[in-house]
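Please open the model in your viewer and keep the sequence panel at hand. The tour proceeds from one pair of helices to the nonpolar interior.

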Amino acid sequence: MPKILGESLEAHRREVRARVFEVLRAQLYERGFDAITLAGVASAAGVGRTALYNHFPDKESLLVAFVEDEAARYVTRLTEAVEAQADPVDQLATFVRLQLRVLSEFHMPPGTALASALAPAAYRRISAHADPITDRLRAILTGGVDLGRWPAEDPDVLIPMIIAALGNRTLVDGPAERLEDVVEAAVRFVLRAVGAAV
């Protein structure tokens with residue numbers, strides 16, 4: 001009988017997933033998705049290959065589950081940070097800061113871009129995890145208009161422009177000692193772009 005890693009089957013499941021995701025995170029950014037194998041992940045995580053296949057039938061489902069887990073944790077972190085601010089200007093500044101700081105924490109994995117490495121359905125599942133982030137930004141923009149903190153503009157126009165500006169890796173790929181200056185410049189840029197009354 002296989003060894004149970006936790007006090008219950010649910011604890012065992014969580015422990016296996018945590019170990020596997022930790023290994024996958026490291027391997028993704030060291031070697032890229034193309035070079036990863038389920039057998040290699042299982043070995044590095046210290047779990048049996050059969051146990052891994054019970055959780056993730058293939059490499060694609062492992063990646064989707066990993067992204068879902070990462071995204072859920074980030075959305076919780078973003079929600080708590082934004083909701084700690086009462087003023088929409090402070091909420092938008094917090095949103096910008098967190099987006100850029102998190103972007104700076106993650107290096108792009110080498111190899112094929114995920115969009116071309118995954119089946120369209122799997123890529124759509126991964127992409128859907130941006131929806132709560134977009135919803136949070138929409139709520140901030142709408143709240144700022146409602147409170148008169150910036151002029152009314154169509155959020156469907158503003159959101160993709162803000163997301164595109166904050167998704168530019170060249171902003172955060174420079175020297176670490178400049179990161180805070182870059183982040184604060186981006187905050188000022190986005191606040192001016194929406195017409196924030198600061």
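Select first helix H8 (residues 131-146) and helix H9 (residues 155-166), whose axes come within 10 Å and cross at roughly 125°. Helices here are DSSP runs of H or I, at least four residues long, numbered from the N terminus, and axes are lines fitted to C-alpha atoms over the stretch in contact, with angles from 0 to 180 degrees between N-to-C directions. H8 is therefore oblique to H9, as angles under 35 degrees count as roughly parallel, over 145 as roughly antiparallel, 65 to 115 as roughly perpendicular and the rest as oblique.

This is a predicted model: local features need pLDDT of at least 70 and side-chain atom pairs pLDDT 80 or more, whereas totals for chains, interfaces and linings use all residues. Residues are numbered from 1 along each chain as its sequence is written, and side-chain values use heavy atoms, without hydrogens and water.

Next, display the side chains of Thr134, Leu137, Arg138 and Leu141 on H8, and of Pro155, Asp156, Leu158, Ile159, Ile162 and Ile163 on H9; these residues make the contact (heavy atoms within 4.5 Å).

Now select Ile162, which touches Leu137, Leu141, Val190 and Val194, residues up to four places away in sequence not being counted.

Widen the selection to the largest nonpolar core, of 31 residues; Leu141, Ile162 and Val194 are among those with the most contacts inside it. Such a core is a set of buried Ala, Val, Leu, Ile, Met, Phe, Trp, Tyr and Cys residues joined through side-chain atoms within 4.5 Å, buried meaning under 20% relative accessible area (1.4 Å probe, protein chains only). Helix H4 (59-83), helix H5 (88-105), H8, H9 and helix H10 (179-194) each give two or more residues to this core. H5 supplies the largest share, nine residues.

Finally, select Val16, Leu24, Leu28 and Leu62, which are among the 24 residues of another core, lying apart from that one.

Conventions
Buried means under 20% relative accessible area, exposed over 50%, partly exposed in between (1.4 Å probe, protein chains only).
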